[in-house]
Amino acid sequence: MAMAPVSATGNASVYTNGTERGRVNYRSGTDDFRVSDTSCDGRSVYTQYQRAGASTVRLNHKGGCGTQVVVDRDFANGQTIKYRVCIDVPVARDICGPWKRDTTG
């Protein structure tokens, strides 16, 4: 009997002053990004992702603090992908967490 593939979940966060401000969870089995605004600081968060050899894509989160937005994608299996979450800072440089690397499933 063949086993169903396991859906791996990776996550990346962004912090300021030791407090988590935003988080993204990537689920390789469904190719969805779950973007969360984890802080009620009046600033929105967004996710950036990039597949090998492709340009960077921005996924905006407009739900507000304490909310999560699910963005579905459909990637070919076995591709290298990197993603991170950022805080949108008006009239200044945005604050981004480190890139997280995964493989599409």
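**Close-up 1. The right-handed disulfide of Cys86 and Cys96.** In this predicted model, the torsion about the S-S bond of Cys86 and Cys96 is about 110 degrees, so the disulfide is right-handed. The two sulfur atoms sit 2.1 Å apart. Follow the chain outward from the bond and you meet two strands: Cys86 belongs to β7 (residues 80–87) and Cys96 to β8 (residues 95–96), so this pair links distant parts of the chain, 10 residues apart.

**Close-up 2. Surroundings of Cys86 and Cys96.** Are these two cysteines buried or exposed? Cys86 has a relative accessible area of 0% and is buried, since buried means under 20%. Its partner Cys96, with 30%, is partly exposed.

**Close-up 3. The disulfide between Cys40 and Cys65.** Here the S to S distance is 2.3 Å. Cys40 is found in the loop between β3 (32–37) and β4 (45–51), and Cys65 in the loop between β5 (57–60) and β6 (68–72), so the bond ties together parts that are 25 residues apart in sequence. With a torsion of about 80 degrees about the S-S bond, this disulfide is right-handed.

**Close-up 4. Surroundings of Cys40 and Cys65.** Cys40 has a relative accessibility of 62% and counts as exposed, because the exposed class begins over 50%. Cys65, at 36%, counts as partly exposed.

**Close-up 5. Both bonds in one view.** How many disulfides does a search of the whole structure find? The search gives 2. With bonded cysteines counted along the chain, their pattern is 1-2, 3-4. As a friendly reminder, a disulfide is a covalent bond between the sulfur atoms of two cysteines.

Definitions and conventions
Residues numbered from 1 in each chain as written. Predicted model: local features only at pLDDT ≥ 70, side-chain atom pairs only at ≥ 80, totals over all residues. Heavy atoms only, no water. Disulfide = S-S within 2.5 Å. Helix = DSSP H or I, 4+ residues; strand = E, 2+ residues; numbered from the N terminus. Buried < 20%, exposed > 50% of the residue type's maximum accessible area, 1.4 Å probe, protein only.
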